[in-house]
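User: Please take a close look at one part of this protein for me. I am a first-year student, so keep the sentences short and explain each step.

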Amino acid sequence: MSIIPYSDIKITIEEAEAISKSLFNIQGQVIELHGELDFNFKIKTSNENFMLKITRPSVDKNFVEFQANLLVHISKQDKSAQFPRLIKDKDEKDVSEYRDQNGQTRWVRLLSWVDGRLWSNVNPHSEQLLYSLGKKSGLLTRYLKDFDHPVAHRKFDWDINQAEWTLLHSDLFDENTKKKISHFQRRFLEILPELHKLRMSVIHNDVNDHNIIVTESAETPSVKAIIDFGDAIYSAQINNLAVTIAYAVMGKPDPLQAALCLLKGYHEVSPLQEVELELLYVLVAMRLVLSLTKSAINRKAEPENTYLLISEKPALELLIRWYNVNEQLATYGFRNACGFHAHPNENDFARWVGDRSGGLRTLFPKLGADKICPIDMSVSSTWMGNKKDYSDNYLTTLKLNKLRNKHLHSVVAGGYGEIRPFYSSDIFKKEGNNGPEYRTVHLGIDFWVEKNTLVHALFSGIVYCLYNNEGDKDYGPTLILEHSYLNDQKFYTLYGHLSINSLGLFNKGDQINEGDLIAYVGDVSENGNWSPHLHFQLMLDMLGNTSDFPGVAFPSEIEVWKSICPDPNVLFQSNSPAVSFVKNIDDSMDFRKEHLGKNLSVSYKKPLKIVRGEGAYLIDETGRKYLDTVNNVAHVGHEHHRVVEEGQKQMAVLNTNTRYLHENINAFAKQLLKTFPKELSVAYFVNSGSEANELALRMAKTYTGQKDMIAVKVGYHGNTNACIEVSSYKFDGDGGSGCPEHTHIVPLPDTFRGIYQGKGAGEKYVAHVQQQVENIQHKGRNVAAFICESIISCGGQIELPDNYLKVAYKAVCEAGGVCIADEVQVGCGRVGSAFWGFESHDVVPDIVTIGKPIGNGHPLAAVVCSKQIADAFANGMEYFNTFGGNPVSCAIGKEVLQVIEDEKLQEYALLVGNYLKDELKKLQKEFPIIGDVRGQGLFLGFELNGRDKEPLGEKASYLVNRMRDFAILMSTDGPNHNVIKIKPPMVFSKENADELICRLSMVFKEDFMQLTDR
Ligand SMILES: Cc1ncc(COP(=O)(O)O)c(C=O)c1O
């Protein structure tokens, strides 16, 4: 047979135009599209678009009719016309005939056009999007379930049910890949008899990236339609889902979680059966095997075609990831997603085990205890305390002993379902589809008993395994027993952290009777350096493990794990077990809405419940760690142990007011004043930044005898009356009532976006300060104070122009006014080049206010001023502050300053800050949406804007919320809410900076972050 050259069979645009007109009476702009088998064209008319499909020569009409009938069948049920409709030709035919220039017959169809984007062009594939894909794919299965046609029963390589042919080609793969492919092929042969019993019908069979149409919405996209029915086949219905999963989860770090989102949507419209779910894992894998085998055959035929290699890469990567997913665990996950019990025996076992309480005396007969004393080791537990405390075995053992002595007839125990802080570490971390996840949920009960406590069997059974975690001192030996219940169903009990001498007691397969001595509890060295304890766990399935079994799980998988590892508390009559499966966050929100001030705000669209802080991280109730890039209050790191200890120690001894002499206040004042120029020699201690500014403003008024204040536009100085009066951020914002009579606002000296930009802008800005001084004087009054931050925070991390403060201070000073430097945000070494922000402007203020960082989270603030001002303020009226300057706060403040010095945090801020700023600038080159990068040290900011410099507040809000998904906390500021501010705890490392940049660049690539064309 002679092969016809492609140029001879190709349909030109002109031909397509003519066909459209002659067969359908439709005229419009014709655009050629890609087509694997057919020649496809988009026809654009003034009110509607169409898809014209023309076959190659010698295509069987039956095949074309099959697809046409299928579309007609769908249209009848698809009342909202989501899928493409078939349009009849002038002669009312679904399939029209066209004779090409060589006299060959071509079959022609016209379909309605579905607007939207291809799945392959959408980023990210959010959980909602996957869910909507599942729904659409399920809908197709539902629509097609009573459709049939002889062509659907053809032999077809891409049909998973017919995938046995791939066995002939496993030699095309390298050893590694072959091992995985052969594993899935073996499993496929094993499930084949079951597969043949499943529900069959015609399915789409090719829901891949290029056949899924997604809506245009970049923020909340959803799947609109699935197109191209060329691969439709009569097969097991579940295969349509298997194909959908196989393509949609490619490139996802956690393909199983992605598959579950999809499955939920699918099951909602096309309910799945338990027998189908049993096979789904292998069927997904077999679709990948089909695809990879096809590619390998093509590659062999065209070895020089490198594109083939590239195109199979995602499938190969997914094959490896899927292979690493435990098949049984995946199946339990599928069941759970569809509303079945994850483990089918969950209920049977619960009923059976429910009658077997009183196990404490069986497990530890020598202890004579029949009660549990519950212990809280959860992530929010104050019993656990600071990281340094709970990491200290000696201290923990002491605390446990104290508890044991107090509850002599009980066993200290707990932990089932508990989310524990020590699992929020890198060893328990994985990359999920939305950033890091940690295996934080404990699946067993820990009994905190003496070392060598005798452990007895709770049930008769056989030894499943007894092994030592060699090379892994953290766990010690573990014993797992296998038991039978009801109709020879199996369950398992696990005894962990045993002593080495438990090892010789049994061999695998040994018979054990209820009450037999089976092990001894290990010493500290066998317990991961923790106090001796027995880890006891129930399992309904060993998940294929022959030794060892996970003792902790990811919170996102907890429903599944709860079913596999039931709650053992029922065995021990524990009426108040420490079960802390994550509670519903909505409860906290509801209370807050009802009983707390309505104008308290909550960060993020999905609010966070934070329960612990550690260094640069905050940890939520699920044990997920968030990198904190915004909290300049936790200056030396969240819950820095030295600061915590100083506060705890002093609180245990004395806390009172400043009417008694105390060493702490003097020592703190001395340490603080050391950081200031000698002119600033008197300190007042207060409880918040607002209180500090309130006091500063009052001092200025007393000192000058004037009331008029000069402040900067969009500045914020606190929440008291006087502070609000100088905070344009508030009085010019929502709910504000405008500028008060005695306040005089100067423009925000923003040289990037403000009223003056570029060269000479600084002088123009500062002229406004001079002008306001004159304005006040023209009214026959004079200036009391000029209040300004050294880098303006709420205004959008605005660095002051050169000489701005110098000239402004001079003008104010000459008029007899006072200059207040608000260092509440930027002080204490944050700017890196100096300890106080004003120092880099070569000025000495009259009053400095200090807040947030100085207490590292404890409510502590200060006012430091010149002796002259302090003396004038002491005009006879006592200054009393109940809490200001108390010994506890002063102990904390002093320690914060000491830690800054000892850990060289100012130098560190300069180093890491400069590095981060440089990296942000590099990112700016790649993503022009970043309009400006600014700031100093670890007080940075970047601005998002469009091509015409328009501020993009919505995109900034999207970015912040997406970064939260990736476990990085950021926030926006500035008059247009388009500035992302970065002011992390000063222990923020270079690695943290890298992580931040990496995640930012991921989000900048997402659809919503793209700039629209001018
Ligand atoms: C620059 C500035 N000054 C003063 C304050 C008020 O401090 P506080 O909230 O501790 O009262 C703030 C608070 O954000 C601030 O940013």
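The part I would like to follow is the stretch around helix H16 and the sheet that holds strand E26.

Analyst: One caution comes before the details: this is a predicted model. The tour starts at the helix, moves through the loop, and reaches the sheet. A few other spots in the chain follow.

Start with helix H16, which covers residues 585-595. Glu594 sits in this helix. Is Glu594 buried or exposed? Its relative accessibility is 58%. The cut-off for exposed is over 50%, so Glu594 counts as exposed. Glu594 also belongs to a group. Together with Asp586, Asp587 and Asp590, Glu594 forms a negative patch on the surface.

There is a second patch to find, and this one is nonpolar. Its members are Phe591, Leu596 and Leu600. Together they have about 300 Å² of accessible area. Look at Leu596 in particular. Leu596 lies in the loop between H16 and E26. Its relative accessibility is 38%. That value falls between the cut-offs of 20% and 50%, so Leu596 counts as partly exposed.

Stay in that loop. Tyr604 is found between H16 and E26 too. What is the sign of phi at Tyr604, a residue other than glycine? Phi is positive there, near 75 degrees. Now check how covered Tyr604 is. Its relative accessible area is 16%. Buried means under 20%, so Tyr604 is buried. Set the two loop residues side by side: Leu596 is partly exposed, whereas Tyr604 is buried.

After the loop comes the sheet. How many strands does this open sheet have, and in what order? There are four, in the order E26-E27-E28-E40, and the pairing is mixed. Which strands stand at the edges? They are E26 (610-614) and E40 (968-969). Each edge strand has a single partner strand, so one side of each is left without a neighbour in the sheet. As a general point, strands of a sheet pair through backbone hydrogen bonds, either parallel or antiparallel.

Zoom in on the E40 end. Strand E28 spans residues 625-628. E28 and E40 run parallel, and two bridges join them. To find the contact by residue, look for Asp628: it stands opposite Leu969 in E40.

For contrast, visit another strand pair. Strand E14 (residues 429-432) and strand E15 (residues 435-438) run antiparallel, with four bridges between them. They form a hairpin, and two residues lie between the strands. Gly432 has Gly435 in E15 as its bridge partner.

Lys429 has a charged partner as well. Its salt bridge goes to Asp426, with the closest N and O atoms 3.8 Å apart. Lys429 has a relative accessible area of 35%, so it is partly exposed. Asp426 reaches 58%, so it is exposed. Salt bridges can also share partners: Lys606, Arg962, Arg964, Asp965 and Glu1006 are joined into one network this way.

How many salt bridges are there by this rule? The count comes to 57. Another one pairs Lys388 with Glu645, where the closest N and O atoms are 3.7 Å apart. This pair links distant parts of the chain. Lys388 is in helix H13 (residues 387-390), Glu645 is in helix H17 (residues 641-653), and 257 residues separate the two. Lys388 counts as partly exposed at 42% relative accessibility. Glu645 counts as partly exposed at 29%.

One more salt bridge joins the side chains of Arg99 and Glu97, at 3.6 Å from N to O. Arg99 counts as exposed at 51% relative accessibility. Glu97 has a relative accessible area of 41%, so it is partly exposed.

Finish with two backbone details. The peptide bond from Asn123 to Pro124 is cis, with omega near 5 degrees. Pro124 lies in the loop between strand E7 (117-118) and helix H4 (127-144). The other detail is at Asp228, where phi is positive, near 60 degrees, in a residue other than glycine. Asp228 sits in the loop between strand E10 (223-226) and strand E11 (233-236). At 35% relative accessibility, Asp228 counts as partly exposed.

Terms used. Residues numbered from 1 in each chain as written. Predicted model: local features only at pLDDT ≥ 70, side-chain atom pairs only at ≥ 80, totals over all residues. Heavy atoms only, no water. Patch = residues over 30% accessible without salt bridge, like charges linked within 9 Å, V, L, I, M, F, W, Y side chains within 5 Å. Areas by Shrake-Rupley, 256 points an atom, 1.4 Å probe, with all protein chains shown as cover. Salt bridge = Lys/Arg side-chain N within 4 Å of Asp/Glu carboxyl O. Lys, Arg positive; Asp, Glu negative; His and termini not counted. Charge placed at Lys NZ, Arg CZ, Asp CG, Glu CD. Buried < 20%, exposed > 50% of the residue type's maximum accessible area, 1.4 Å probe, protein only. Pairing = 2+ DSSP bridges.
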